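Good morning, everyone, and thank you for making time for this. I would like to walk you slowly through one protein model, beginning with the whole chain and then turning to a few residues inside it.

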Amino acid sequence: MLGVIRRRVASGGSSSSSSILKQSLQTIRPVSSSTSRVSEEILIHPRGFGHVRKFSCLAPLRGRAISSRTMREGVSNMELTASKLILSRPFSSDSGDLVDAVVPFMGESITDGTLAKFLKNPGDRVEVDESIAQIETDKVTIDVASPEAGVIKEHIAKEGDTVEPGTKIAVISKSGEGVAHAAPSENTSKKAAPKQSAPEMNDEEKRKPKVEASPVPVKPKTPAPPPPKRSATEPQLPPKEKERRVPMTRLRKRVATRLKDSQNTFAMLTTFNEVDMTNLMKLRSEYKDAFVEKHGVKLGLMSGFIKAAVSGLQNQPIINAVIDGDDIIYRDYIDISIAVGTPKGLVVPVIRNAEKMNFAEIEKEINTLAKKANDGTISIDEMAGGSFTISNGGVYGSLLSTPIINPPQSAILGMHSIVSRPMVVGGTVVPRPMMYIALTYDHRLIDGREAVFFLRRIKDVVEDPRRLLLDV
């Protein structure tokens, strides 16, 4: 059994191995003075016990033999303690002056990502927890933070590489010795090279002035062959020199895949209606100052539509349900996903339990999630789930659209721009701020009757917000 420990120990050799062995030996039996002396010599050795080859030199215990069961308990305890220490380490490996920056844990559903770009180059000074690189995943962009303060020595990975949690991407020198001078020396050598080549060219020009005269007439001849002779009927295609091929980001590829899967899976149908925004806009203008003063956030139109959608989902629960195989899953909660367009792509943060929130809580949550989405700091948990989606294309000036369902949901509401149009009110034609709204739904689950009733409920609540107070 001592041979078992010897093999376990020889394969370990970490900095914490001495403490692991000490705990393991203590779980077996109290040792005699001679054994304690020998074991302490091993444990306090500066190299741990990687140099130990034999444990048979340990003095026997006081008249007691070590049973195989006790030995197995000690070995298993040593392995458990070692695994805990490894898991509790930060995502960096320290070896003296050099520290390895590695990819952090990116989420339970994310196994890898793409190294989008390095924020720090070799020779740059970094502080603790300062971002040195960005990892792009299917859902979010994750920053790789520096585990120690120091100077970037080198990049291990390259931009565009696929990396997993724990992958080394850079090496950081705590002291910065031999690193800060490397970058300037390379730059100076590069700068010196053109300077040295310049006089050489000047000497050649002085020595051979006649050679320069020959290429001068040749240069105008080179553009002469390309003049295109196209007929009037030939299509005018753009030249290839003006085309650029750029690889798709992981987020864009993920969005493209999900949208195409949505088209292939759902039997999508869209129904439309129009909403008179007069009363909701009047309510907003009358109470916006008092609302900001009390709640510290502006009163927008999105909170009114979210409250109207909650009311519609409560009246038509099938809109909030989803097909799962041969079953229908009815959700007794309402999590509203809000589609937000960012420079990096479309993200859909989720407002949890919207049925329990008031106008102020909804507006605060919208502002928080929208800011995180635009800054690229939104987490995966804040985008997971969702039972119904609202997309506001009106902020970009869209007049009408047919939104695509966000799987695994069953419907999506599309808002559009507010346009003043002539409407007949009480037999009189008056200008009214009108908005088209669209509901795309899965016709496999939702019939046209439920879809129209849901959209009609949103129209009634937005045109007369007092219905929310009276629940009518």
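**From the whole chain to a few residues**

Let me begin with the overall count, which is that the protein has 13 helices and 20 strands, and let me add straight away that what you see is a predicted model. Of its 472 residues, 36% count as buried, and the accessible surface of the protein comes to about 28600 Å², with 54% of that belonging to carbon and sulfur atoms. If we take the contacts with a separation of 6 or more, 65% of them are accounted for by residues 24 or more positions apart.

Now to the interior. The largest nonpolar core has 67 residues, and those with the most contacts inside it are Phe305, Ile306, Ile336, Phe388 and Ile390. Helix H10, residues 302–315, gives this core its largest share, namely seven residues. To take one example, isoleucine 306 touches, among others, Ile336, Ile351, Ala354 and Ile390, when residues up to four places away in sequence are not counted.

Which residues form the aromatic pair? The count comes to one such pair, and its rings are those of phenylalanine 388 and phenylalanine 454, with centres 5.4 Å apart and planes at 65°, so the pair is edge-to-face. Because phenylalanine 388 lies in strand E17 and phenylalanine 454 in helix H12, residues 448–463, the pair ties together parts that are 66 residues apart in sequence. Phenylalanine 388 is buried, with a relative accessible area of 0%, and phenylalanine 454 is likewise buried, at 0%.

My last stop is glutamine 409, which lies in the loop between strand E17, residues 388–392, and strand E18, residues 411–415. Is glutamine 409 buried or exposed? Its relative accessibility is 1%, and because buried means under 20%, glutamine 409 counts as buried.

What, then, does the side chain of glutamine 409 reach? It reaches the backbone oxygen of glycine 386 at 3.3 Å, and a polar contact of 2.5 Å joins the side chain of glutamine 409 to that of threonine 389. Leaving out residues up to four places away in sequence, glutamine 409 touches Phe266, Ser337, Gly385, Gly386, Ser387, Phe388 and Thr389, and that list includes Phe388, which we have already met as a member of the aromatic pair and as one of the residues with the most contacts inside the largest nonpolar core.

Terms used:
Residues are numbered from 1 along each chain as its sequence is written. This is a predicted model: local features need pLDDT of at least 70, side-chain atom pairs count only at pLDDT 80 or more; totals for chains, interfaces and linings use all residues. Side-chain values use heavy atoms; hydrogens and water are left out. Helices (H or I, at least four residues) and strands (E, at least two) are DSSP runs, numbered from the N terminus. Buried means under 20% relative accessible area, exposed over 50%, partly exposed in between (1.4 Å probe, protein chains only). A polar contact is a pair of N or O atoms within 3.5 Å; within protein, one must be able to donate a hydrogen and the other to accept it, and residues adjacent in sequence count only if both atoms are side-chain atoms. Contact means heavy atoms within 4.5 Å. Rings of Phe, Tyr and Trp (its six-membered ring) pair if their centres lie within 6.5 Å; planes under 30 degrees apart count as stacked, over 60 as edge-to-face and the rest as tilted. A nonpolar core is a set of buried Ala, Val, Leu, Ile, Met, Phe, Trp, Tyr and Cys residues joined through side-chain atoms within 4.5 Å. Accessible areas come from the Shrake-Rupley method with a 1.4 Å probe; for residues, only the protein chains shown count as cover.
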